[in-house]
Amino acid sequence: MNKRILLGALAGVTAIVALPSAANAAATCNYDQAKREMQVRYGANDTGVTVTNGGTLRYSEGAGPLRSCFSTSGVAATAANTDKVTIKAFSSTTAPLPQTTTIDERNGDFAASNPKLQFFVFTGTGGDRLIVRESGQADAMHLMDQGGLAFGPAIDLDYDGDVDIRMTTTNDAIVQVNGGAGADFIDATNVRGYHTVQLGEGGNDGLLGGTLSDSFDGGADQDTIRAKDGIAESVKGGTESDTGTFDFNLDQLSSIERPGF
Ligand SMILES: [Ca+2]
Ligand SMILES: [Ca+2]
Ligand SMILES: [Ca+2]
Ligand SMILES: [Ca+2]
C-alpha cells in the first residue's frame with residue numbers, strides 16, 4: 001500500500017469515528033470579556049452539565065473532562081473576571097430532557113473568589129435537577145424561591161443575603177445539596193416551589209426541609225433534621241446519634257436515634 005492510499009484509509013476511519021461524537025455534541029461555552037459573562041450551553045443529547053471553580057471557571061458535560069472557557073481573543077473566564085455565568089439548554093424547542101446542572105464549589109468557593117458572581121440556569125421544564133456540591137468546610141446555605149414574576153429556585157450559597165444561583169423552571173424541579181465534610185447548615189424552610197434532596201455527608205449537619213416533599217440523609221456524625229411538615233418523607237440519619245423533628249407515623253425514619261415529634 002502506498003502512502004497516499006494509507007492516508008486516505010486513515011482519513012476514512014477518522015471520519016467514521018467522528019460521526020457518533022457529532023451526534024452527541026458536547027456542551028459549548030463562550031466568554032464575553034467586556035460583559036464579564038460566561039455562557040455554557042448543553043449539547044444536543046447532554047443530560048448533565050457541571051461548572052466548577054479553580055484557576056479558571058471550568059465546565060463539562062456528563063463525566064467528560066473539565067474545560068476552561070475562552071473569549072474569541074483567547075482570554076479564559078475566571079471567577080475574578082466573570083460576574084455572570086449562564087447555563088442554557090441546547091434548544092428551547094427540543095423535547096424537554098431531564099437535565100441535571102451541577103454547581104461544584106469543591107475546587108473553590110465562588111463568592112470568595114468574586115462576591116458579585118451569579119449563576120443563571122435556564123434548562124426549561126421536565127423535572128430538572130440542580131446539584132450544589134459544597135466544600136469540606138462548614139457551609140451554610142439558604143434555599144429560597146425566586147420572587148416577582150420569575151419562578152424557580154433561588155440559592156444563597158453562603159447565607160449572606162445575596163442570591164447566587166437562579167434557576168428558572170416549573171414546580172417539578174429538584175434541588176440537591178451535597179454538604180461535604182464539616183458542620184453544614186442547609187435551610188429550605190421557606191421553599192414552596194420545588195423539592196429538595198439534602199445530603200449532609202460528613203460533619204454534624206443541620207438539615208431543614210421545605211413545604212413540599214423532601215429527602216434527607218444526614219450522613220456520618222451527629223445530625224439534626226427537621227422534616228415535620230405533614231408530608232411523608234424519607235429521612236436517614238446515618239452513622240452516630242441523630243435527632244430532629246418529624247411527622248409521627250408518617251416520615252420514614254432510618255437510624256434516627258433520638259427522634260422528636
Ligand atoms: Ca461542607
Ligand atoms: Ca452529617
Ligand atoms: Ca415530613
Ligand atoms: Ca444515626
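**Strands, pairs and a buried glycine**

Guide: The protein has 2 helices and 22 strands. This is a predicted model, where local features need pLDDT of at least 70, side-chain atom pairs count only at pLDDT 80 or more, and totals for chains, interfaces and linings use all residues. Residues are numbered from 1 along each chain as its sequence is written, and chains are lettered from A and ligands numbered from 1 in the order in which they are written.

Visitor: What makes something a helix or a strand here?

Guide: Both are DSSP runs, numbered from the N terminus: H or I over at least four residues for a helix, E over at least two for a strand. Strand β8, for instance, covers residues 118-122.

Visitor: How do you know that β2 and β6 are paired?

Guide: Pairing asks for at least two bridges found by DSSP between the strands. β2 (residues 37-41) and β6 (residues 84-88) are joined by 5 bridges and run parallel, so they count as a pair. Arg41 sits opposite Lys88 in β6.

Visitor: And what makes β8 a partner of β12?

Guide: There are 3 parallel bridges between β8 and β12 (residues 165-167), so that pair qualifies as well. Here Phe120 is opposite Arg166 in β12. β8 also pairs with β6, in the parallel sense over 5 bridges, with Ile87 facing Val121 in β8.

Visitor: Which sheet do these strands belong to?

Guide: An open one of 12 strands with mixed pairing, in the order β1-β2-β6-β8-β12-β11-β10-β14-β16-β18-β20-β22.

Visitor: Why are β1 and β22 called edges?

Guide: β1 (28-32) and β22 (258-260) each have a single partner strand, so one side of each is left without a neighbour in the sheet.

Visitor: Why is Gly210 called buried?

Guide: The rule wants 20 or more other C-beta atoms within 10 Å of a residue's own (12 or fewer is exposed, in between is partly exposed), with C-beta atoms placed from the backbone. Gly210 has 23 such neighbours, so it counts as buried. Across the protein, 38% of the 261 residues count as buried.

Visitor: Where is Gly210, and which residues does Gly210 touch?

Guide: Gly210 lies in the loop between β16 (206-208) and β17 (215-217). A contact means C-beta atoms, placed from the backbone, within 7 Å. Leaving out residues up to four places away in sequence, Gly210 touches Leu143, Ala188, Thr189, Val191, Arg192 and Thr196. Thr189 is 21 residues away along the chain, yet the two C-alpha atoms are separated by 4.6 Å.

Note on methods. Contact = placed C-beta atoms within 7 Å.
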